[in-house]
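User: I should like a close look at the salt bridges of this structure. Please explain which residues take part and where they lie.

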Amino acid sequence: MLVDILKKNNVETSGMKFDPNARTALAFVTLRADGEREFLFFRNPSADMLLQESELDENLIKKAKIFHYGSISLIDEPCKSAHLAAMRFAKESGCILSYDPNLRLALWPSAEAARDGIMSIWDQADIIKISEEEITFLTGGDDPYDDNVVLNKLFHPNLKLLIVTEGSEGCRYYTKEFKGRVAGVEVKPVDTTGAGDAFVSGIIYSLASDQSLFQNEEHLRKALYFANVCGAITVTERGAIPALPTKEAVLQFAAT
């Protein structure tokens, strides 16, 4: 079913693997009155946890402009080794490495394991997107709105762009040359599930077509506004995949 949904949305699925002995992970999302989420996961173990390095399609990875990943695949073997190998292939072939830690504490053995796991690959990414809550978690309780905390504790020498998302407030950005913020877009939230992913897909889409974003602040700000709109539209409908907007919907919204 999920593969069919991807195909219907013109997503390349040739690298997809199936495991006859494991099921796809389930995530149950409950909504609070303010539209924020709580997650419950079923993985025992799920197929994604069993991905092996030998199953990776190295050539497919090498064709990519951008290799995007999270941290959940670092929790268990053999998936962890497959994840690290895929990153290595991508780096060697000149891909931009894009990292969204996407902290899901319930899946890690402990908070310490989560912090160590997420930070273990931190210095390899070219782009990192984090939320305010993740800054507080990764820095051990520091102020997520303090530029010095972000620059001294989370910005690393190899990083081209660090983005901090602030939900409805928009986002902040940090590069070696400049930093700033792009205001959010006002909408009536129904369900915030998928908003972060929509935001990331918006910025990755822009980057794939214009790699000058790292050096050109004006282009970067336009791309981040586009990403903010992607996230904003997503929260106006229930569900993650059904709520994701088309490029046309984003441009139409941005023009109003």
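Analyst: In this predicted model, a network of salt bridges links Arg 43, Asp 48 and Asp 76. Within this group, Asp 48 pairs with Arg 43, and their closest N and O atoms are 3.4 Å apart. That distance falls within the 4 Å cut-off, so the contact counts as a salt bridge. Asp 48 has a relative accessible area of 37% and is therefore classed as partly exposed.

The general principle is brief: side chains of opposite charge can pair when their charged atoms come close.

A further salt bridge joins the side chains of Glu 53 and Arg 88, at 3.5 Å from N to O. This pair connects distant parts of the chain, for its members are 35 residues apart. Glu 53 lies in the loop between strand S2 (37-42) and helix H2 (58-63), whereas Arg 88 belongs to helix H3 (residues 79-92). Glu 53 is partly exposed, with a relative accessible area of 37%, and Arg 88 is likewise partly exposed, at 40% relative accessibility.

Another arrangement appears in helix H8 (residues 217-234). There, Glu 218 and Lys 222 are 4 residues apart, which means that about one helical turn separates them. The two residues form a salt bridge, with the closest N and O atoms 3.6 Å apart. Both Glu 218 and Lys 222 are exposed.

These pairs are among the 12 salt bridges found in a search of the whole structure.

Methods: Residues are numbered from 1 along each chain as its sequence is written. This is a predicted model: local features need pLDDT of at least 70, side-chain atom pairs count only at pLDDT 80 or more; totals for chains, interfaces and linings use all residues. Side-chain values use heavy atoms; hydrogens and water are left out. Buried means under 20% relative accessible area, exposed over 50%, partly exposed in between (1.4 Å probe, protein chains only). Helices (H or I, at least four residues) and strands (E, at least two) are DSSP runs, numbered from the N terminus.
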